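Work through the two exercises below with the model in view. Try each task before you read its solution.

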Amino acid sequence: MSKNICFIDGLEGILKYREIDVNQLIELTYDSVSYLLIQGELPGAQELAIYSACLREEREINREIINIISMYNFNIDAIEILRTIVSFISQFDPDIYDSTPEGNMRKAIRLIAKIPTIIAAYYRVANGKEPIPPDRSLSHGANFLYMIRGSKPSKLEAEVMEKDFILSAEHELNASTFSSRITASTLADLYSVVVSGLCALKGPLHGGARTEVMSMLEEIACPENAEKIILEKIAKNEKIMGFGHRVYKTYDPRGTVFKQLSKQLAEIKGDMHWYETAEAIEITVVREIVEKKGKPIYPNVDFYSGVIYRYMDIPPQLATSIFAIGRVSGWIAHCFDQYEKKRVIRPRAFMLDEC
Ligand SMILES: CC(C)(COP(=O)(O)OP(=O)(O)OC[C@H]1O[C@@H](n2cnc3c(N)ncnc32)[C@H](O)[C@@H]1OP(=O)(O)O)[C@@H](O)C(=O)NCCC(=O)NCCS
């Protein structure tokens with residue numbers, strides 16, 4: 001694969017997957033973008049039809065998995081279940097010990113297809129409801145919302161979910177992708193690679209920030225409270241969740257899209273409440289940290305996506321695992337790239353000082 005999986009310009013706020021700007025990619029489907037990341041090129045019409053059909057074919061999970069999910073404590077975050085179940089289902093994969101590119105691709109398709117079903121099944125069971133089987137006529141985004149709610153989402157909601165998965169799909173060597181890549185470098189199987197990614201993703205300084213943003217929105221509750229509460233947090237040296245980034249020193253390009261989408265949802269639903277609360281938080285953070293302290297702390301991918309989930313009635317307990325629905329394609333792309341290198345990643349301890 002010649003094209004770089006990802007390109008980030010943290011000063012200009014540019015993000016590309018396989019040399020294509022994410023602002024173009026969000027006009028495609030998640031299936032196309034997932035194919036692009038994993039195969040290195042956008043699919044042609046026939047390739048896409050085959051890939052999408054394979055993904056839809058593999059969405060179902062068996063009853064044993066639902067039984068295991070039912071044994072869980074329902075007060076925990078869905079990412080805990082997802083991590084366990086991804087590990088558990090590897091035993092059902094007929095290709096678990098087939099490490100040919102074809103065997104790995106079949107595992108990749110199963111993982112991408114089943115992760116949304118596992119999360120939705122947990123959500124349903126945790127709320128005392130029967131899991132909803134996937135609907136093959138629906139896109140990745142629409143099907144996920146359908147499996148959670150039991151009714152088909154609006155066109156806008158389906159599009160927003162699809163864009164969320166696309167924007168979450170890849171981001172170079174972030175903590176979870178690096179973890180995945182290290183595991184892949186030992187030539188461990190794809191399930192182990194994805195479990196490594198999930199473990200790193202759940203931390204609040206990474207994918208877990210999305211859940212924290214949703215809690216913060218609830219704590220602040222209305223635009224009028226934002227300034228006072230944010231000032232208190234800054235005075236206590238608390239980090240404001242959903243702000244700041246190791247690479248971006250300007251507005252995160254994904255944050256820009258999520259902000260627009262959350263405004264669109266707010267307007268269509270006729271409820272500006274969450275959007276205006278978020279905007280009031282942003283105004284205070286930018287004034288206090290960017291303008292007064294000169295630190296480039298802008299909304300990142302997790303801030304306005306948290307607002308979007310509020311509008312789509314997605315509870316905070318699902319937010320981090322939804323990040324994984326998108327990101328799994330990026331982990332797999334890096335895994336396949338690393339498999340080709342056949343070289344274990346083994347940094348020296350002194351290099352940690354640079355991290
Ligand atoms: C993402 C993050 C881990 C990047 O961290 P980093 O590049 O290592 O930046 P640092 O933690 O070294 O912070 C640099 C400075 O900015 C401040 N800062 C960084 N993020 C901040 C935030 N979200 N709120 C307030 N201040 C922040 C730090 O306090 C530090 O100040 P100092 O120089 O006075 O000590 C960090 O911005 C953060 O914790 N954000 C909140 C969690 C989050 O949203 N994570 C999702 C990332 S996509």
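**Exercise 1. Find where the ligand sits, then describe its surroundings.**

Step 1. The ligand sits in the largest pocket. A pocket here is an open set of points on a 1 Å grid over the protein atoms alone, with protein on both sides within 12 Å along at least five of seven lines. Sitting there requires more than half of the ligand's atoms to lie within 2 Å of the grid points.

Step 2. This is a predicted model: local features need pLDDT of at least 70, side-chain atom pairs need 80 or more, and totals for chains, interfaces and linings use all residues. Residues are numbered from 1 along each chain as its sequence is written, and side-chain values use heavy atoms, without hydrogens and water.

Step 3. Count the shell: 17 residues surround the ligand, each with a heavy atom within 4 Å. K239, I240, F243, R246 and K295 are the closest.

Step 4. Look for polar contacts (N or O pairs within 3.5 Å). A polar side-chain atom of K239 lies 2.5 Å from a ligand oxygen. For R246, the distance from such an atom to a ligand oxygen is 2.8 Å.

**Exercise 2. Trace the sheet and locate its edges.**

Step 1. The open sheet has three strands, ordered β1-β2-β3, with antiparallel pairing. Strands are DSSP runs (E, at least two residues), numbered from the N terminus; pairing takes at least two bridges.

Step 2. β1 (6-9) and β3 (20-21) each have a single partner strand, so one side of each lacks a neighbour in the sheet.

Key. A polar contact is a pair of N or O atoms within 3.5 Å; within protein, one must be able to donate a hydrogen and the other to accept it, and residues adjacent in sequence count only if both atoms are side-chain atoms. On a 1 Å grid over the protein atoms alone, a cavity is a set of points where a 1.4 Å probe fits but cannot get out, and a pocket is an open set with protein on both sides within 12 Å along at least five of seven lines; lining residues have an atom within 4 Å of a point. Helices (H or I, at least four residues) and strands (E, at least two) are DSSP runs, numbered from the N terminus.
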